[in-house]
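These are my notebook entries on a single structure. I record what I looked up, entry by entry.

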Amino acid sequence: MTSRSLVLRGIPASPGIVIGRAKVLSDRGEVQASFRLIYTEEERTAELARFQGAVDQAQEDLSLLKEEIAGEFPEHAHLLELHLLILKDQMLYDEPRRLIRESNLNAEWALNQAFEKVKALFRRIEDPYIKGRIQDVESVYRRLLGNLTGKNPRRHFNAPDPIIIVARDLSPAETTQMTASQVVGFITERGGKTSHTAIVAQSLEIPAVVGVDAATQRIAPGVELILDGLTGRIIVEPGDDLRRTYRNRRQEFELFKGEVAAFSNLPAITPDEQRTRVMANIELPEEVAVAKKHGADGIGLYRTEFLYLRLRHVPSEEDLYQDYRRVVEEMAPLPVTIRTLDIGGDKFLSPLDYPQELNPALGLRAIRFCLKEQAIFRKQLRAILRASAHGPVQVMFPLISNVREMREARELLAELKEELVREGLPFDPRLPVGAMIEVPAAVTLAGLLSREADFFSIGTNDLIQYALAIDRGNKQVAEMYQPLHPAVLRMIKMVVEAGREAGIPVAMCGEMAGDPLYLPILLGLGVTELSMNAMAIPMVKHVIRSFEVQEARDMARHALELVTVEEINDYAAREMRQRFPEICRFSSALAGNLVT
Ligand code: PEP
Ligand code: MG
């Protein structure tokens, strides 16, 4: 390699190669309002004009952004509409102007004081929905402050160059909002392969690299970048040679994707005729189209919390019912597995105003949260039941760690079924109810839980995190996040055996299920339903169609005889390289050393 461009390394989080200009998002917390007293009439006029300029700029940016996304994401457009209204609100528009005029304050401090007053007002509000709107006020406040301080580089929506976002961190909700057409890639300093930001980037089919050390400091705004979401490499200011190399590689990848796409609509059957259901994970109803395009045999995991995050308030039963019904009707006759609210951990529902937890991953999340906040849970369960009248639906509960949680959730479901009968509302009375196995305790109790569940779905993203004590979103330990760890393989085996004994299906819906490297071993262990990011489906079908079950069983047996994760990784990679050299070039788990 002759060029002397800077190469940064991170964790490949969403596949694809893109070239674009860096848009570096500075930390929201960094912009602080400065305080200054103004003395002269000229200064006052200048401050008023600066404030007006910031408002005008915000108005223009918000309107442009709204137009950009109105067609594809109407919910976000509503949100921006609200921000435009807030911009003109008395409290945030008239009050700062009054403070500049009458209290001799500079524009930033006047705005800050006005915002503090709004905050105090909102603190006294009881209604959680209205209370939650303070987030929107804050967002507008930050936008104005950023404009005043010049820390908000103007968005150039019509700029010809594609944009690669560079940020310390992006929340899953922010990631879903990055839908402006020029955003072609994400780079973050935080995060791991299975962090929710990575998952959302994959569903949006936007290449991403996460866990890039000091990216926001090492990448200057506006520079040209190559983002390789297959290997996790970022090339800053590439020379002509590198640009050519990566353009070729991108072409090869697109060609490969085209070839693999031929498998989308074929059944996932091994040559010795064992059928595996290959399903899609989705976060938003819009993704159903993507799932169908890639040949999903159904939705194996609908992560429902994203609607709550997107609306930023607790949706009504009707909102939820309409949302689920849309997914179910669009997928029918294929099944949809709806996972109940998995809030907490790295996904927060801020309007609820819960105290911050020291260890959110071990805190009040998922089923624990739902059993505590029964009003929210009931709404969701009723909506799921009602959606089941429109096509095949299954429901499953996340983070089950004991039998009591399963029983309590099922009892509530039974109670709500009676309620719906009394109200004359239709639903599927035999709706299958599943337990997600993502905590080591649930693995140990799989035999007991199998009596309470109609199916299991192994959530390896969390199971690996909890089994190995490795934070799934922490790049410092990302190397130790090892799906083929001997302990993880044994856990999967235990769950499959418990399911088999009880005669219930065992699915897997963590990211592990969609990586070809792990596939033969998973099949060999006896997992018969896999749910993954839709993009991975064609490749997974391709691999399944070339493996005899007996071969896969032999591989799983051999993997279980090996003692260290390194040996197992080497073994799996060797086998895959021999059989599928072309896949290995483009599988992120395998491609790490292939491009220099
Ligand atoms: C998992 O933990 O594997 C899973 C599928 O759930 P999530 O990634 O939403 O936590
Ligand atoms: Mg999980």
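Before the first entry I fix one term: helices are DSSP runs of at least four residues, numbered from the N terminus. I also note that this is a predicted model.

Entry 1, helix H8. I looked up the burial of H8, which spans residues 196–203. I count a residue as buried under 20% relative accessible area. Eight of the eight residues of H8 are buried, and the helix is mostly covered. The buried residues include His196, Gln202 and Ser203, and Thr197, Ala198, Ile199, Val200 and Ala201 are also among them. I then went on to the backbone that follows: just after H8, Glu205 takes a positive phi of about 55°.

Entry 2, the magnesium ion. Which residues coordinate the magnesium ion (ligand 2)? I find Glu438 through OE and Asp462 through OD, at 2.0 to 2.3 Å. This pair links distant parts of the chain, with the two positions 24 residues apart in numbering terms, as they lie 24 residues apart. Glu438 sits in the loop between strand E13 (433–437) and helix H17 (440–444), whereas Asp462 belongs to helix H19 (residues 460–468). I checked accessibility for both: Glu438 is buried, with a relative accessible area of 2%, and Asp462 likewise counts as buried at 2%.

Entry 3, cysteines. How many disulfides does the model hold? I applied a cut-off of 2.5 Å between cysteine sulfur atoms, and the count comes to zero. I also looked up two cysteines: Cys370 counts as buried at 1% relative accessibility, and Cys509 counts as buried at 2%.

Definitions and conventions:
Residues numbered from 1 in each chain as written. Chains lettered and ligands numbered in written order. Predicted model: local features only at pLDDT ≥ 70, side-chain atom pairs only at ≥ 80, totals over all residues. Heavy atoms only, no water. Donors = N, O, S within 2.8 Å, 3.2 Å for Na, K, Ca; no water. Buried < 20%, exposed > 50% of the residue type's maximum accessible area, 1.4 Å probe, protein only.
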